[in-house]
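This report looks at one protein chain, beginning with a single residue and its surroundings and then widening to the chain as a whole.

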Amino acid sequence: MDPTTDIAAGTEAAADPRAALEALRAEIAKAVVGQDPAVTGLVVALLCRGHVLLEGVPGVAKTLLVRALASALELDTKRVQFTPDLMPSDVTGSLVYDTRTAEFSFQPGPVFTNLLLADEINRTPPKTQSSLLEAMEERQVTVDGTPRPLPEPFLVAATQNPVEYEGTYPLPEAQLDRFLLKLTVPLPSRQDEIDVLTRHASGFNPRDLRAAGIRPVAGAADLEAARAAVAGTTVSPEITAYVVDICRATRESPSLTMGVSPRGATTLLSTARAWAWLTGRDYVIPDDVKALALPTLRHRVQLRPEAEMEGVTADSVIDAVLAHVPVPR
């Protein structure tokens, strides 16, 4: 084959935002084994300008996942370990007195980054949680009455441990609703765990992602082009009605005290559009809605105590709703 043809093909692929994001997912897989749904969820969140809540036991590569994403996108990332004594200013920043100028100057906190890893967010008091809420929703921080915009893109990936509740402050429903997706990061399968150990035995160092071969394969320009393409994805009236019917069905479920709000319905439509575009289509089908229903809705419903005691979960309720609501043809 003519070498110039290869060069032209590579240039065309680089100009295709979908190809860039597919390469991004493949690049993250060099460091993170067996967590493809979580990787896809983070990419969907970036496309929708949303935030992600990662839930999983310690040691399943939640931190590594976010660091690998930042490295493959060549974005700035910071990590905050949330603790009971963490103050809002430790996240947002504060005014610092400069003795040389005899004036106060703003010292930005770790929230001024592209990808913020909020580790164990439910370990910090509500006051500090709420300081992060403005940053997530308004994409700005207000200190001493002055709003300060955050960088773009901006994504919060918050983690929480599902098995340890002592000394924690559960996130209220209003704050959970601000997360676009709640992704569960499960324990790996036996073969995936063997692959992880094999990589470590071969010298893999999770603290040195460059040595692991992760290189920037997409950037902010690719992300903006992808977001514009997602915005052009067609949604038929039948799909819109299907999303509404799913969300309304959760409000009528006898297992729930609180169903999905209209904001949740809007979010499900957005994530379904992003997934449709990622899979190579410029229109949304019912399978796209089904594929994103669990991660988009599981944290937007509230179980009745008696249903929870019987072993009912948010996922099982949503699965039952999906099975019950008629699918448009």
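## Helix α10

Arginine 248 is found in helix α10, in what is a predicted model. With a relative accessibility of 45%, arginine 248 counts as partly exposed, because that class covers the values between the 20% limit for buried and the 50% limit for exposed. Arginine 248 and glycine 259 stand 11 residues apart in sequence, and their C-alpha atoms are 7.5 Å apart in space.

Aspartate 245 belongs to the same helix, α10, which covers residues 237-251. Aspartate 245 is likewise partly exposed, its relative accessible area being 39%. Between aspartate 245 and proline 151, which are 94 residues apart along the chain, the C-alpha separation is 37 Å.

## Loops and backbone geometry

The peptide bond that leads from glutamate 152 to proline 153 is cis, with an omega near 0 degrees. Proline 153 is placed in the loop that connects β7 (146-149) with β8 (155-160). 

Two arginines carry a backbone angle worth noting in residues of their kind. Arginine 49 has a phi near 55 degrees, which is a positive value in a residue other than glycine, and arginine 139 also has a positive phi near 55 degrees. Arginine 49 sits in the loop between α3 (36-47) and β1 (52-55), whereas arginine 139 sits in the loop between α6 (126-138) and β6 (140-143). For arginine 49 the relative accessibility is 39%, so this residue counts as partly exposed.

Glutamine 35 also lies in a loop, the one between α2 (17-28) and α3. Its relative accessible area is 4%, and because this is under the 20% limit, glutamine 35 is buried. When neighbours within four places in sequence are left aside, glutamine 35 is in contact with Val60, Val185 and Pro186.

## Strands β3 and β5

Valine 96 is part of strand β3, which runs over residues 93-98. At 37% relative accessibility, valine 96 counts as partly exposed. Not counting residues up to four places away in sequence, valine 96 touches Glu103, Phe104, Ser105 and Gln107. Proline 153, the residue on the C-terminal side of the cis bond, is 57 residues from valine 96 in sequence and 27 Å from it in space, C-alpha to C-alpha.

Leucine 117 is part of strand β5, made up of residues 115-119. With a relative accessible area of 1%, leucine 117 is buried. Beyond its neighbours within four places in sequence, leucine 117 is in contact with Thr63, Val66, Lys78, Arg79, Val80, Ala157 and Thr159. Two of these partners, Ala157 and Thr159, have numbers that fall within β8 (155-160). Leucine 117 and leucine 53 are 64 residues apart along the chain, and their C-alpha atoms are separated by 10.0 Å.

## Aromatic pairs

How many aromatic pairs does the chain contain? The count comes to two. In one of them, the ring centres of phenylalanine 106 and phenylalanine 112 are 5.7 Å apart and the ring planes meet at 70 degrees, so the pair is classed as edge-to-face, a class that requires an angle over 60 degrees.

Phenylalanine 106 counts as buried, at 18% relative accessibility, and phenylalanine 112 is buried as well, with a relative accessible area of 17%. Both values are under the 20% limit, which is why both residues fall into the buried class.

## The chain as a whole

The chain has 14 helices and 11 strands. Its radius of gyration is 21 Å, close to the 20 Å that the globule rule gives for 329 residues, and the chain is therefore as compact as a globular protein of that length. Along the principal axes, the C-alpha trace spans about 70 × 65 × 45 Å.

Of the 329 residues, 45% count as buried. Among the contacts between residues at least 6 apart in sequence, 78% join residues that are at least 24 apart. The chain exposes about 16,100 Å², and carbon and sulfur atoms supply 55% of this area. Its charged side chains comprise 31 positive and 42 negative ones, and the centres of the two sets lie 0 Å apart.

How values were computed:
Residues are numbered from 1 along each chain as its sequence is written. This is a predicted model: local features need pLDDT of at least 70, side-chain atom pairs count only at pLDDT 80 or more; totals for chains, interfaces and linings use all residues. Side-chain values use heavy atoms; hydrogens and water are left out. Helices (H or I, at least four residues) and strands (E, at least two) are DSSP runs, numbered from the N terminus. The radius of gyration is taken over C-alpha atoms; the globule rule is 2.2 Å times the number of residues to the power 0.38. Buried means under 20% relative accessible area, exposed over 50%, partly exposed in between (1.4 Å probe, protein chains only). Contact means heavy atoms within 4.5 Å. Accessible areas come from the Shrake-Rupley method with a 1.4 Å probe; for residues, only the protein chains shown count as cover. Lys and Arg count as positive and Asp and Glu as negative; His and the chain ends are not counted. The place of a charge is taken as NZ of Lys, CZ of Arg, CG of Asp or CD of Glu. Rings of Phe, Tyr and Trp (its six-membered ring) pair if their centres lie within 6.5 Å; planes under 30 degrees apart count as stacked, over 60 as edge-to-face and the rest as tilted.
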